[in-house]
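Welcome! Let us take a first walk through this structure, one part at a time.

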Amino acid sequence: MVNLTVDNKQVTVPKDATIYDAAKSAGIKIPILCHDKKLHPFGGCRMCLVEVEQMKGRLIPACTTPVTEGMIVRTSNDEIVKARKLVLELLLLKHPIDCPVCDAAGDCDLQNLTYEYKVNCNQFVDEKFNHEIDYVNPIIERDMNRCILCGKCARICDEIVSYGAYSVINRGLEAKIGTEFDGPLNCEFCGSCVSVCPVGALISRPFKFQARWWALSKTKTVCSYCGTGCQLTLGCKDNKVLTTVYDEDQGFHNGQLCHRGRFAYQFVNSDKRLTTPLIRKNGKLVESSWDEALALVTERLTQAKAAPASLAALSTAHLTNEELFLFEKLFRGTLGTDNIDHSAGFAHAALTEGLKASFGTVASPSEILDIQKSNLLLVIKTDAYETHPVIGFEINLGVKRKGVDLRIVSDKRGKLGKLPGAQTTVHTPGSELLLLNALAKVIIDAGLADAAAPGLSELKAALAEVSLEKAAAATGVSADEIAKLAKDYAAAEKALILLPIGLGYPGHNAALAEACANLAILTGKYGKEGTGLLVMGEKNNSQGAADLGIHPKASGLNGSAIIDACISGQVKTLFVAGENPVVSYPNRAKVEKALEAVDFLVVADLFLTETAQLADVVLPAVSFAEKSGTFTSVGRKLQQVKQAVKPVGLAKSDFEILNTLNAALGGQKYLNQSELFAEIAANVPAYAGLSQAALGDEGKLLPVAPSAKLVPVAAQAAAPVAGKLALVTGSALYHSGTMSRFGEGPMLVCPNAYAELSAADAKVLKIEDGDAITVKSDTGSVSVTAKVGYRLPQGVVFAPYHFGEGSINAVTDGKAVTWVTVGK
Amino acid sequence: MSNAPAAEELQTEEEIDLTEANEVIDKYLTLPGNLMPVLQGIQEAYGYVPKPAIALVAERLNAYPAQIYGVLTFYAQFHLKPRGRFIIRVCVGTACHVQGAERITETFFDRLKIGHAETTADLRYTFEKVACLGACGMAPLAMVNDDTFGKMTVQKVDEIINTYNARPMK
């Protein structure tokens, strides 16, 4: 620690702190334009000039100067103020000063500092810039005339996002922030650059001219897309969510968001929202009152109560913990059925079955913060970046700043593989388990396994037949590469495995989590900082749904079995809360047949989804912005969701809907969702002793007590079918689940269903990028747009699953690999 | 996948044999800080840095195309457009200026129908005004590639053009 004096205050800070950090820790504000706590110090703008007693004669930039013992710093005097004024005058010389029409007004560092330093005239005169404004891309408007060249956009895109869309181009007075060949921006559109831009040079097009910054009411809450659990601030006006507001102090991610977090909030106030209950009368869904709809649902559920096996309920993991708990109470408790599930029964099995078997708990033994603390990251599926982009940022930072050794095991290449030193092991589709078993075998054979690992003898026996050569032949990965990966993993002091799961990955099941857990348990790499296995649930509350038991516990049917039971006639009444099986569960035709077959289908959702269109009663539910409660994210972080706007139309939260039904059917009536949280805290061990109020803005990390056990995993390669391509499904970067289709951003950049082909296959099939193609399997066929790229090996097709039209589940059947033919 | 036109569509795709560019990259692949020598080598091979070569460098050195473009536009030594076989440099520094350099440049513009930093359509000449060539005693001064021409006159401009028009392009 270093002691210094800042403005006559004694400050003690770590020795790697800068003068700026020291001042900040003492509550002294030094003005900055180019500095950002997430980025490497830059020292470009010279706003933070201060005086240091020991370095008199010139002013010192506070943001790049490290502290030294006994330093005496003055952050403001006449000379400093004069210097800062000069900086502002020079910046304003070329700046258009078009604040009245600038979206950044009110939130503009240049404007605020100009005001603070009373720069009301300029001693210089010069022409303004005349740069062309980039209106080409639909998301980010780039007006380089307003730019002050702080370079934060280029640095964040490089250092954290690792996309590198921007660079300072040209030189001297001509210098500006540009893209490759100074063309229009075409990137991931995460908007990180917009969030850090200190002026209005980069603004969000969806929010342009929507509201003045100071007119927004700001609510801190948690994103409702993927499981990362990013905290975000919603900017609302007139009961509408108009934007997301950047707050660099929010969450582990320092306010960083991905494309859908930042630009896909419009689903909340979409004009497609359901505003009133609907009841099917004479074959048509017609508007009704809540009383009528709920009376009908109550009546049918009362009948079903007599035969609980004929009743089933599916929920989405988008609901709050409180709602999921009530969902479970209503169906398992009050109505007595065990046929409850979320995500088809396979998408979360890695948690509820895999981790349960391997670690004796349904939660990952690691947390997101372990990523940067690890020495070696083993990412199963490069899709970790697509499904959880902000966790992807953590991986980027770990690799680039902390020197984490990144290994990827995947059926395709991806962005993560481009990180410095990253090695991608590309295996044949569907052979993950074989590969992971082979890794375990190498570890055991090389004597690297912990002899005390529970279940070692069983695992040894099960792997006795595994040969490295056979595994190499089946996975398409050389025996040397497998052996090296296994030994490097075992040799790393701290190694962490990341496993993304979700509806897009039918092959990401319990066995995969167990096979990953085996590696961690074999080498004792769990239960310590920077080690273990992080199973990345797809939805914002996948972890909560697993914790609260939204899956069959005894002899009940899981999601896939419920679909089958609807067809067989066993399930006659089906309640669906927010789930959209028609688009997201495998085999669309079968799901549609099932939902048409049930006698009574109730769907509670925000939209008249493909599933809701088949319902007998549709109940309008509300989004995360219209309710309060808690979500549990990947890595067990319990965080508070806060209501930002009033419900749309007559829509009610799932809490209200389920509470009314539960009371009407003889269950307990709750006063509010907080009361339910108290009951969760009293009943679910991981949540013991917690209260909503105690969560604060930061949230709480839930405890986990893993009791490890090696679980032998049977592995078989997906046998190739001659003349067919291997279709693997997953997530597109811009989308999450099926809800992002109702957000503006994702639909502007990625509006249509597509299938990605390797350049080699495209050439053979004479398919070009953008062609309309048909993908056909034994299950069905679907028309999508072709995307030709270089990241897929020959023989592999990739398709994301989010889209209603051209939904890839028309051809998939729930296996890890679907064999398809592709043609124009 | 986005609505914005892909970068490739915006460029008029040049048909370039990238063999030499690949050789240059091979040569420096393991050298730390290899971007500058690679770009310089490519410019030496092609006379300028062609767009497809930038994409290739980005891919093989795992660098961002935008950053490479930033480097290329920062240094005056790099050229993004094909350059002439003969680079004519006319000094417009102080000594040459007072000795009438302006008339020399105007004459070149008139004869070649190009301006400063431009290249003739047949790729024979590129013309550049430069600030000083360091031989003020010979003002006004012109250079064609490595050949120097002192005490320039309007008549000499035509002589130079005739001389280099007769030279082969390769």
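Which residues in α7(A) meet which residues in α22(A)? Before the answer, please keep in mind that this is a predicted model. On one side of the contact are Leu294(A), Val297(A), Thr298(A) and Leu301(A) of α7(A), and they meet Thr660(A), Leu661(A) and Ala664(A) of α22(A). By class, the residues of this contact are five nonpolar, two polar and no charged.

How do the two helices lie? Helix α7 of chain A covers residues 290–305 and helix α22 of chain A covers residues 654–664. Their axes come within 10 Å and cross at roughly 50°. An angle between 35 and 65 degrees falls outside the parallel and perpendicular classes, and α7(A) and α22(A) are therefore oblique to each other. The crossing of α7(A) and α22(A) is right-handed.

## The domains of chain A

Stepping back from the helix pair, here is how the domain assignment divides chain A.

| Domain of chain A | Residues |
|---|---|
| domain 1 | 2–76 |
| domain 2 | 126–267 |
| domain 3 | 278–345 + 544–621 + 637–685 |
| domain 4 | 349–537 |
| domain 5 | 725–823 |

Domain 3 of chain A is written as the segments 278–345, 544–621 and 637–685. Helix α7(A), at residues 290–305, and helix α22(A), at residues 654–664, can be looked up against these bounds.

## Where domain 2 touches domain 3

The C-alpha centres of domain 2 of chain A and domain 3 of chain A are 38 Å apart. How many residues are in contact between these two domains? On the domain 2 side of chain A there are 13, and they are in contact with nine residues of domain 3 of chain A.

Strands β10 (217–222), β11 (231–237) and β12 (240–245) of chain A each supply at least two residues of the domain 2 side. Of the elements there, β10(A) gives the most, with four residues. Sorted by class, the side of domain 2 of chain A that touches domain 3 of chain A has five nonpolar, six polar and two charged residues.

## A look at chain B

Chain B has eight helices and five strands. Read from the N terminus on, its elements run α-α-α-α-α-β-α-α-β-β-β-β-α. The C-alpha atoms of chain B fill a box of roughly 55 × 35 × 30 Å along the principal axes.

What share of the residues of chain B count as buried? Of its 170 residues, the share is 26%. Among the contacts in chain B with a separation of 6 or more, 59% join residues 24 or more positions apart.

How values were computed:
Residues are numbered from 1 along each chain as its sequence is written. Chains are lettered from A and ligands numbered from 1 in the order in which they are written. This is a predicted model: local features need pLDDT of at least 70, side-chain atom pairs count only at pLDDT 80 or more; totals for chains, interfaces and linings use all residues. Domain bounds come from an automatic or database domain assignment. Two residues are in contact if their C-beta atoms, placed from the backbone, lie within 7 Å. Ala, Val, Leu, Ile, Met, Phe, Trp, Tyr, Cys and Pro count as nonpolar, Asp, Glu, Lys and Arg as charged, and the others, Gly among them, as polar. A residue is buried if 20 or more other C-beta atoms lie within 10 Å of its own, exposed if 12 or fewer, and partly exposed in between; C-beta atoms are placed from the backbone. Axes are lines fitted to C-alpha atoms, for helices over the stretch in contact, and angles run from 0 to 180 degrees between N-to-C directions. Angles under 35 degrees count as roughly parallel, over 145 as roughly antiparallel, 65 to 115 as roughly perpendicular and the rest as oblique. A crossing is left-handed if the near helix is turned anticlockwise from the far one by less than a right angle, and right-handed if clockwise.
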